[in-house]
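Thanks for coming. I will take a few minutes to walk through one structure, so please have the view open.

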Amino acid sequence: MSDISISQLSKTYPGATPVHALDNIDLHVQAGEFVALLGPSGCGKSTLLNMIAGFESASGGSLLVGGKPVTRPGPERGVVFQEAALFPWLNVWENVIFGPKTAGLPKAQYEQRAKDMLEITGLSAFTKALPVQLSGGMRQRVGIARVLTLGSQVLLMDEPFGALDAQTRLTMQELLLSVWQNLRTTVVFVTHDIDEAILLADTIYVMSARPGRIATRIPVPIERPRTLDLITGDVFNELKRDILQKMRH
Ligand SMILES: Nc1ncnc2c1ncn2[C@@H]1O[C@H](COP(=O)(O)OP(=O)(O)OP(=O)(O)O)[C@@H](O)[C@H]1O
């Protein structure tokens with residue numbers, strides 16, 4: 001398990017009109033912690049996630065994962081986007097083992113792990129299905145199973161349930177809670193949705209825009225294991241009111 005240590009990180013996208021997307025970000029995510037990045041559109045949530053993933057480089061500051069500077073993408077940092085980018089011509093099993101197989105890892109090891117991850121994501125009966133035969137929620141499950149099979153130390157999720165209908169979204173949140181409860185991977189989860197952030201995270205970082213900054217850090221004082229029932233509870237509502245107020249300022 002890896003921690004993430006970010007100090008004075010900034011990002012300006014170059015161009016005719018440069019965009020100062022992130023300014024002086026300080027953030028420490030402990031190994032095994034579940035962190036949500038919450039904020040309005042354009043505040044730099046995806047930029048920050050993409051920098052941790054190694055897709056974008058920093059304009060200043062430092063970014064360490066497991067004590068090492070991030071210079072490029074790597075299998076120890078698995079990314080799940082809003083749409084799982086599955087290979088349409090490969091079935092679920094082939095999609096899930098594609099990464100470790102291509103990397104030349106020992107077959108016995110990744111096949112067992114793939115089986116386990118398909119089991120905990122509820123996909124064991126669908127290993128032969130092609131992506132086109134699956135619902136959006138199931139395709140996202142494949143995306144999650146694939147990253148977990150890689151054995152990533154850090155899971156980076158950019159609005160992974162943003163394109164799903166409300167009911168499927170709740171099911172997926174429950175699934176992620178139970179998967180995380182088992183594996184305790186370090187997670188950075190980007191969302192617009194306050195309910196989702198409270199339900200899932202240990203700590204919420206609210207970001208503000210232009211340039212993107214961490215406006216406030218909010219620990220979530222709700223015990224685990226968590227279930228969807230807590231969405232209607234008093235502690236939840238109080239915290240939600242508090243976050244809404246902070247976001248308005
Ligand atoms: N490749 C890029 N080139 C130039 N500007 C960019 C690029 N990517 C993002 N931006 C700009 O950087 C700022 C932050 O964008 P980013 O996508 O990180 O925000 P976000 O909080 O994830 O937004 P959303 O919630 O809408 O996805 C925005 O002003 C955006 O237009």
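Start with the open sheet, which has 4 strands, in the order β2-β1-β4-β5, with antiparallel pairing. At its edges are β2 and β5, the latter covering residues 68-69, and each of these pairs on one side only. Before going on, I should say that this is a predicted model.

Now look inside the sheet. Strand β1, residues 4-13, runs antiparallel to strand β4, residues 60-65, and 5 bridges join the two. To find one of these residues on screen, pick S10: its bridge partner in β4 is G60. Helix α1 packs on this sheet. Which strands does α1 touch? The helix touches β1, β2 and β4, and its direction makes about 60° with that of β2.

Next, the ligand. The residues around it are Y13, V19, A21, G39, S41, G42, C43, G44, K45, S46, T47 and H192. Two elements give two or more residues to this shell: β2, residues 19-29, and α1, residues 45-53. Which of the elements gives the most to the shell? That is α1, with 3 residues. So much for the list; by class, the shell has 7 polar residues, 4 nonpolar and 1 charged. We have met both contributors already: β2 is an edge strand of the sheet, and α1 is the helix packed on that sheet.

Let us step back to the whole chain. There are 7 helices and 10 strands in it. How is the chain divided into domains? Domain 1 is made of two stretches, 1-76 and 156-248, while domain 2 covers 84-152. Between the C-alpha centres of the two domains, the distance is 24 Å. The contact between them takes 14 residues from domain 1 and 11 residues from domain 2. On the side of domain 1 that touches domain 2, the residues divide into 9 nonpolar, 4 polar and 1 charged.

Last, the overall dimensions. The C-alpha atoms of the chain fill a box of roughly 50 × 45 × 30 Å along the principal axes. What radius of gyration would a compact globule with 249 residues have? It would be near 18 Å, and the chain has 18 Å, so the chain agrees with that expectation.

To recap the part around the ligand: α1 gives 3 residues to the shell, and α1 also touches β1, β2 and β4 in the sheet. That is all from me.

Terms used: Residues are numbered from 1 along each chain as its sequence is written. This is a predicted model: local features need pLDDT of at least 70, side-chain atom pairs count only at pLDDT 80 or more; totals for chains, interfaces and linings use all residues. A residue is near a molecule or strand if its C-beta atom, placed from the backbone, lies within 6 Å of it. Ala, Val, Leu, Ile, Met, Phe, Trp, Tyr, Cys and Pro count as nonpolar, Asp, Glu, Lys and Arg as charged, and the others, Gly among them, as polar. Domain bounds come from an automatic or database domain assignment. Two residues are in contact if their C-beta atoms, placed from the backbone, lie within 7 Å. Two strands pair if DSSP finds at least two bridges between them. Axes are lines fitted to C-alpha atoms, for helices over the stretch in contact, and angles run from 0 to 180 degrees between N-to-C directions. The radius of gyration is taken over C-alpha atoms; the globule rule is 2.2 Å times the number of residues to the power 0.38.
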